[in-house]
Amino acid sequence: MNDEELINVLWVEDDPKIIDTYPLDAERYGLFLVHFPCWDDAKAALQKDYAHYSAIILDAKCKHHRDSKDDAIVFLGHALSDIKELAKEKGEVIPWYVLSGAAEDDFTRSILEDRLKWDEDWTQSTNKVYYAKGVDNEMLYQRVRVHAERYNKLFQIHHIYKDVFDAMKEVHLEEETINMEDLLIPIQFPVQKYVKDYNDSGFKKARLLLESVFRSMIQNGILPDFGRKINFTWSSYLLCGKDAINGQKEVQYKFIGKESIMPHVLGKNLIAMSEYLPTDLHNVDKNPKNSLKYYLETVDSSPYLLKSYTMQLCDIILWYRNYLRNHQDFEENSKNWEKQNQNN
């Protein structure tokens, strides 16, 4: 395996007996262990080039300073606290793991639960919060490789957009988590060759996400129940304090609230999104030049419209979470609109 294909792993270990042998074993799993004998040196390396490392492996019974004694409680306390602060400062989380030969004792209480974000299944299957030297090495190397290749982007996305995912959970939109992840990852980690795929599937995912928001609003009385199919245009108009009108210019739902439900700026953007988020990217209306397909052709199929819609969806979800906190009464919420045509 070429050096360029190896995943860089920051490794803190002070046992001379294994410093030479472990890197050779790890390399067979595509990992390059970058060794540091104490946490001070490792922290300095992270501060200098944080993006260089895809994972961190810590020996529990190690040194905080070069002249410190091995002390798992002290070492892990400082190391894990610093790792958490660095992640906050850099806006990215580097998954970390404890590989230790020490017998399980009080040191496990120093291992933060942050690790469950990427390593929960390990604990569930083994009842361990760390990996045992000479026993779990190969499993650890395999898991680090898998996490770095497949899941690391998800960790970053959930860290960077934590407020959005927290809001989705609060308003019970967890079923749309995967769609939101798929929309956000290409924004944070753009890959040019996948732009067409992003557009082809992304607009549909954005529509599904927005549809779920509207359905949640119906369940809370903020919007009327339109029946089996959500009417995006009527929904966005009512949220903006406007009447919902059909194709014959007849008012179906009259807005009777004192002021618009959604802020003006967000509402105007929502109306545009509702008009152009299609069920099928290739559908066009009577005038092909009004279609999303035509628009994308004129901008070389760029991903920027979809990315802007994704950011707007983030704001819509954050706004909705805050609005719902103060408007939880279904009957009161329903007083903003009134159905006009009972046959529809």
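**View 1. Helix 11 and helix 13 make a left-handed crossing.** This is a predicted model. Two packed helices are described by the angle between their axes and the distance between the axes. Here, helix 11 spans residues 264–276 and helix 13 spans residues 304–326. Their axes lie 11 Å apart, and the packing angle is about 125°. That angle makes helix 11 oblique to helix 13.

**View 2. Residues of helix 11 meet residues of helix 13.** Helix 11 brings Leu 266, Asn 269, Leu 270, Ala 272, Met 273 and Tyr 276. Helix 13 brings Tyr 309, Gln 312, Leu 313, Asp 315, Ile 316 and Trp 319. How do the residues of this contact divide into nonpolar, polar and charged? Nine are nonpolar, two are polar and one is charged.

**View 3. Five strands form an open sheet.** Strands of a sheet pair through backbone hydrogen bonds, either parallel or antiparallel. In this sheet the pairing is parallel, and the strand order is 2-1-3-4-5. Which strands sit at the edges? They are strand 2 (31–36) and strand 5 (131–132), and each pairs on one side only.

**View 4. Strand 4 runs parallel to strand 5.** Strand 4 covers residues 96–100. Two bridges join strand 4 to strand 5. Leu 99 stands opposite Tyr 131 of strand 5.

**View 5. Helix 6 packs on the sheet.** Helix 6 covers residues 137–160. Helix 6 touches strand 1 (7–12), strand 2, strand 3 (55–58), strand 4 and strand 5. The direction of helix 6 makes about 170° with that of strand 4.

How values were computed. Residues are numbered from 1 along each chain as its sequence is written. This is a predicted model: local features need pLDDT of at least 70, side-chain atom pairs count only at pLDDT 80 or more; totals for chains, interfaces and linings use all residues. Side-chain values use heavy atoms; hydrogens and water are left out. Axes are lines fitted to C-alpha atoms, for helices over the stretch in contact, and angles run from 0 to 180 degrees between N-to-C directions. Helices (H or I, at least four residues) and strands (E, at least two) are DSSP runs, numbered from the N terminus. Angles under 35 degrees count as roughly parallel, over 145 as roughly antiparallel, 65 to 115 as roughly perpendicular and the rest as oblique. A crossing is left-handed if the near helix is turned anticlockwise from the far one by less than a right angle, and right-handed if clockwise. Contact means heavy atoms within 4.5 Å. Ala, Val, Leu, Ile, Met, Phe, Trp, Tyr, Cys and Pro count as nonpolar, Asp, Glu, Lys and Arg as charged, and the others, Gly among them, as polar. Two strands pair if DSSP finds at least two bridges between them.
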